[in-house]
Amino acid sequence: MTQKRSSTLWRWTALLVLVAMVLSACAAPAAAPSAPAAGGEEAAAPAGDEITRDNTLVFAADMTDIITLDPAVAYEFGGILPVGNMYETLASFDPGNPEIVPLLAESWDIADAGDMWTMTFKLNPAATFSSGNPVTADDVVFSWNRAMEINKSPAWLLIDVCQMTKETIVAVDAGTVELKIPKAVSPNVCLAVLTFTVAAVVEQAALEPNMGDDMGESWLNDNSVGSGPYVLNGWERSSTVTLDANPAYWGGTAPAMKRVILQNMPESANRQAAIETGDADIVQELGPEQAAALEGNPDVSLVKGLSTLLAYASVNATMPPFDNADARQALRYAINYDNIITLLGGNGELVQEIIPIGFAGHVGNNPFTQDLEKAKELFANAGVTEGAVIPFTVATGTGPGGVDWATIAASIQADLAQIGITLDIQLLQQSELLTKYRAQELPMLLMNWGPDYTDPDANGTPFANYEANSLAWRNSWNDPQAIELSKQAAVELDPATRIELYAQLVEYMQNNGPFAMLYQPSRVYALRNNVQGFIYDPGDTPNVSFALISK
Amino acid sequence: MTAFILRRLGGLVFVIFGVSLLTFFLAQLVPADPVAAALGSNARDAQIEAYRLQLGLDQPVAVQYGIYMSRLVRGDLGNSIRTRRAVIDDLRDYLPATIELTMAAMIVTILLGIPLGIIAALNRNTWIDAGARILALIGGAMPIFYVGLVLLGVFYRQLQWLPGPGRLDSTVPPPAHITGLYTVDALLTGNWPVLANASAHLVLPAITLGLFSTAVLLRMTRSSMLEMLGQDYVRTAKAKGLSERLVIGRHVFKNALPPILTIIGILFGSLLSGAVLTETIFNWPGIGRYATTSVTTLDYPAVMGVALVAAVIYPLVNTLVDIGYSVIDPRVRAN
């Protein structure tokens, strides 16, 4: 009997051990890395300022792409949004205005120093970090050097676009930073780059003791050392980023929303439900169907804003038939643009040039409407006859503006079918499509492009300059005139001349380039009716400033 | 028993080796560049090349596999190409959500499936039995995504009786991390509001995920019980004057249990795979969603991590079931 009992006991023990093994697979080590650093978290919420649902903003969006909260590393929409609300740059944009305005720097000066440009920034003496310490020139130099040394995704903006090096950034005194850039770099372009989060200023004294062996990259995922209106409360990796108001914010009054919760919600149907029930105060990005469903809802209002993306069809300029300029022009005349805009259901505007609406240098001229006779004639000139079959590669899934790529492709396919040309649509996973595109292997494809910084050069160079190894190169379009124009326009300092140069480039590309530019998609936000002060500013970093919002 | 467990663990090594080999070489067949996918459309060639070198992807495939396996032996699953974190850290963040959901669905399955099966068997061919069988039919035939959408539509959007997608309300901070299962952690730290919120959030996804397996278990329990009820020893026990409860509980149910246990083990596997869809519908940040994102971005170290976890969980659950047999059935013990 005793023996039996002990063997039963042993069996139950074994069972428990195995259950424990399964559970321990997911148990974290005792010292969880997500534990807040001493004093880091609680300092955020001041005593007496209780956080309630009324002063909390819940912002739901697809933030699956978020991988870091370090301004030197963040380069994804999901990461840049919180980072841009916690950290500040020397200069910034005002909503709806392509002019660059002061932020941490109260003024700057661009001077010709012989073989270089010297950009001198005077810091705003009132600017302080969330710790209360002033923002100094040493912090700026430290931050930029750190971003270049870490050298992750966004660092090329400083290293290649601004051509910054350690030696060319100098703290002249506590309130003055001097940056020297080569003459080949446009100071305008560099200034635009400096508005992006990679150039944000971190507090050296707060970060240095916590740098560890990765320059503080992982520490900044759980702590913030910026001067912005919000500080980091915590990042629950799989679901939420929580920001708390910086009570001592130097740039005006403290934010009305004491806490902002960024909720990762990848499915747009879930986002629709969350705004309907009031679980979320703002949801980002709804497809045409969800937007239509919310249209008559009295508790919810929709805000549509053009993004900076451009959707286009492009062709490889060394593969027949599109090695002929007439064939490329024929394609632009064959497309029924109205139909594509209708498919978008209001989620996009017709743009037939390489510079998006909202950017300096945007011309606003859409010269193409469908003209099948003309298209047929141009195709004939290029030796393309009825019955020609052209492979057309298209990504699976949803394109910008919330319509499937395949739907837009089918519309273009139907257009060309009317003049006897067959587009053979090949659907590929986006990553696979990109690999082939980069290898110059695709005769014709559908894609979109988002500028890396708010300056026309961020589109001019990739679309026109073959030597930049970007879009012109991927489509094997090596055109000396386009290359020259894009280079000239990039470095031109006189605003009026610069805009004129971009107008020339835009027109040249419209008649010779390998692109049929299609549309600029909108981003649709839904807001609960009590939300005020919401602005979507696609050209600025961040796109949405939580400090402006109240309920 | 020790030898039995050791044998099982030995088998596990082969399973892990096979799964890793298969996933690794299948990933090589995809005609796309995972690094280019991770860095996106705007990345420059130099950047892609630098990251490729950093990841060691310039090495021959066999060498890469060797490096992977030598790390795996030390418990290192490598780094995710997309999130740039250690895969093991990613799994630690995503796996608990799935385990919690699967466990909750299992509880729904067992609490509904077994009692309803017993009741149906005891009331054979009455309206109760018919009702239970219709319920089983519906539960088995409804696709997960439909059930999920209907439940959300009715109980969250219309009636607002239960919370919507997610593991917690956005405004409720998660409990201190101990196991990562919010309900368990809230219980361990005595955080009752979080326990209530997390439990409420579990109800709809657990029912959605558990409905199919409830239907299967109900039928299995019913038929297994019916088979035992017809046995001679039951008549003998009744003839001895034992109470109905004692006969059903000690004799019939205990003997009907082994096939039920087997089916529970199998159902656990189907729950894990069904969790992928449920996680999507209920915005549940679990391993299914992590796996889907990883697959579409060709993040194969992450995909391999998920595959290996699944490869370890299945044999573990099977072993649990086997040990369960020996607890309830002395004949298995003798062998």
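1. Two strands pair if DSSP finds at least two bridges between them. Helices (H or I, at least four residues) and strands (E, at least two) are themselves DSSP runs, numbered from the N terminus. In these terms, β4(A) and β5(A) form a hairpin with two residues between them. In its turn, A:G114 has a positive phi of about 80°.

2. The model is predicted: local features need pLDDT of at least 70, side-chain atom pairs count only at pLDDT 80 or more, and totals for chains, interfaces and linings use all residues. Residues are numbered from 1 along each chain as its sequence is written, while chains are lettered from A and ligands numbered from 1 in the order in which they are written.

3. The hairpin belongs to an open sheet of four strands in chain A, ordered β4-β5-β7-β6, with antiparallel pairing. Its edge strands, each pairing on one side only, are β4 (105–113) and β6 (169–173) of chain A. From one strand to the next, the twist averages 25°; the angles in this note run from 0 to 180 degrees between N-to-C directions, and axes are lines fitted to C-alpha atoms, for helices over the stretch in contact.

4. Within the hairpin, β4(A) and strand β5 (residues 116–123) of chain A run antiparallel and are joined by eight bridges. Two facing positions may be located in the structure: A:S107 stands opposite A:K122 in β5(A), and A:W108 stands opposite A:F121 in β5(A).

5. Helix α3 (residues 137–150) of chain A packs on this sheet, where it touches β5, β6 and β7 (176–182) of chain A. The direction of α3 makes about 170° with that of β6(A). In the loop between α3 and α4 (156–161) of chain A lies A:N151, a residue other than glycine whose phi is nevertheless positive, near 50°.

6. Chain A as a whole is divided into domain 1 (5–77 + 219–305 + 523–548), domain 2 (91–205) and domain 3 (310–522); such bounds come from an automatic or database domain assignment. The contact between domain 1 and domain 2 of chain A takes 17 residues from domain 1 and 26 residues from domain 2. Two residues are in contact if their C-beta atoms, placed from the backbone, lie within 7 Å. On the side of domain 1 that touches domain 2 of chain A there are 10 nonpolar, five polar and two charged residues. Here Ala, Val, Leu, Ile, Met, Phe, Trp, Tyr, Cys and Pro count as nonpolar, Asp, Glu, Lys and Arg as charged, and the others, Gly among them, as polar.

7. A helix pair in chain A also merits attention. The axes of helix α9 (residues 325–334) and helix α11 (residues 372–381) of chain A come within 8 Å and cross at roughly 165°. The two helices are therefore roughly antiparallel to each other (angles under 35 degrees count as roughly parallel, over 145 as roughly antiparallel, 65 to 115 as roughly perpendicular and the rest as oblique). From α9(A), the contact involves A:D326, A:A327, A:Q329, A:A330, A:Y333 and A:A334, and from α11(A), A:L372, A:K374, A:A375, A:L378, A:F379 and A:N381. Eight of the residues in this contact are nonpolar, two are polar and two are charged.

8. Two cis peptide bonds may be checked in chain A. One joins A:P320 and A:P321, with omega about 0°; A:P321 is found in the loop between β13 (310–315) and α9 of chain A. Another runs from A:T541 to A:P542, with omega near -5°, and A:P542 lies in the segment after β18 (515–528) of chain A.

9. Chain B has 14 helices and zero strands. Along its principal axes, the C-alpha trace of chain B spans about 85 × 55 × 40 Å. The domain assignment gives domain 1 (32–76) and domain 2 (89–334) of chain B, whose centres, taken over C-alpha atoms, are separated by 39 Å. Four residues from each of these domains of chain B enter their contact, and the side of domain 1 that touches domain 2 of chain B has four nonpolar, no polar and no charged residues.

10. The contact between the chains takes 50 residues from chain B and 45 residues from chain A. On the side of chain B, at least two residues each are supplied by α2 (34–39), α3 (45–55), α5 (87–122), α7 (144–158), α12 (287–296) and α13 (300–328). The largest share, eight residues, comes from α13(B). By class, the side of chain B that touches chain A has 24 nonpolar, 18 polar and eight charged residues.
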